[in-house]
Amino acid sequence: MNTTITNNGLPKLPQAGSSTGNGTSASSAAAPEASAAAPRSADQLQLTDSARALQEAARLGDASPIDAKRVEQIRQSLADGSYKIDAGKIADRLLAMDQQLGGTDKA
């Protein structure tokens, strides 16, 4: 999975430690001393459980297990009109998903 982060048309800002040519020698001389005194910590990224699940699903791609027998049963019940839809169950799961995604209660 490739992720590209762009500046979305915003001006590019100078990075810390890079020389822009318009600073004074005193400020450029102080930068090495500050970096030597305080060691930099490594960048870290923590994924949520949802992000990990999405990442795993993307990694599996078409190799994800599909119960072909169950799919055929549902297809047949839809075709003959015997498939029962439980609107309350669907609504409950939609509300639970909305809350999980950070939605607000407006009910």
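The dialogue below works through helices, salt bridges, a surface patch and burial in a predicted model.

Q: What should a reader know about numbering and confidence before starting?
A: Residues are numbered from 1 along each chain as its sequence is written, and side-chain values use heavy atoms, with hydrogens and water left out. Since this is a predicted model, local features need pLDDT of at least 70 and side-chain atom pairs count only at pLDDT 80 or more, while totals for chains, interfaces and linings use all residues.

Q: How many helices and strands are there in the chain?
A: Helices (H or I, at least four residues) and strands (E, at least two) are DSSP runs, numbered from the N terminus. In this model the chain has 4 helices and 0 strands, and from the N terminus on its elements run α-α-α-α.

Q: What span should helix H3 have, and what do its end C-alpha atoms show?
A: The expected span of a helix is 1.5 Å times one less than its number of residues. Helix H3 covers residues 68-80, and because its 13 residues should span 18 Å at 1.5 Å a residue, the 18 Å between its end C-alpha atoms agrees with the expectation. For helix H4, residues 87-100, the 14 residues should span 20 Å, and the end C-alpha atoms are 20 Å apart, which agrees.

Q: Which residues with positive phi follow H3 and H4?
A: After H3 comes Gly81, with a positive phi near 80°, and H4 is followed by Gly102, whose phi is positive, near 95°.

Q: How many salt bridges does the structure hold, and where do the partners of Arg52 and Glu56 lie?
A: A salt bridge is a side-chain nitrogen of Lys or Arg within 4 Å of a carboxyl oxygen of Asp or Glu, and the structure holds 3 of them. Arg52 pairs with Asp49, their closest N and O atoms being 3.0 Å apart, and both residues lie in helix H2 (residues 49-60), 3 residues apart, about one turn of the helix. Glu56 pairs with Arg59, with 3.1 Å between the closest N and O atoms; these two also lie in helix H2, 3 residues apart, about one turn of the helix.

Q: Which residues form the salt bridge in helix H3?
A: In helix H3 the side chains of Glu72 and Arg75 meet in a salt bridge at 3.3 Å, N to O, and because they are 3 residues apart in that helix, they are separated by about one helical turn.

Q: Are the residues of these salt bridges, such as Asp49 and Arg52, exposed or partly exposed?
A: Buried means under 20% relative accessible area, exposed over 50%, and partly exposed in between (1.4 Å probe, protein chains only). Asp49, at 63% relative accessibility, therefore counts as exposed, whereas Arg52, at 45%, counts as partly exposed. In the next pair, Arg59 counts as exposed at 58% relative accessibility, while Glu56 is partly exposed with a relative accessible area of 36%. Glu72 counts as partly exposed at 41% relative accessibility.

Q: Which residues form the nonpolar patch on the surface?
A: Patches are made of residues with over 30% relative accessible area and no salt bridge, where like charges are joined within 9 Å and nonpolar side chains (Val, Leu, Ile, Met, Phe, Trp, Tyr) within 5 Å. Here Leu78, Tyr83, Ile85, Ile90, Leu94, Met97 and Leu101 form such a patch, with about 750 Å² of accessible area together. H4 gives the most to the nonpolar patch, with 3 residues; Ile90 lies in helix H4, and at 45% relative accessibility Ile90 counts as partly exposed.

Q: How is accessible area obtained, and what does the chain expose?
A: Accessible areas come from the Shrake-Rupley method with a 1.4 Å probe, and for residues only the protein chains shown count as cover. The chain exposes about 10400 Å², of which carbon and sulfur atoms supply 55%, and buried residues make up 1% of its 107 residues.

Q: Is Ser77 buried or exposed, and which residues does Ser77 touch?
A: Ser77 is found in helix H3 and, at 15% relative accessibility, counts as buried. Contact means heavy atoms within 4.5 Å, and, not counting residues up to four places away in sequence, Ser77 touches Ser82 and Tyr83. A polar atom of the Ser77 side chain also lies 3.0 Å from the backbone oxygen of Ile74.

Note on methods:
Polar contact = N/O pair within 3.5 Å; in protein donor to acceptor, adjacent residues only side chain to side chain.
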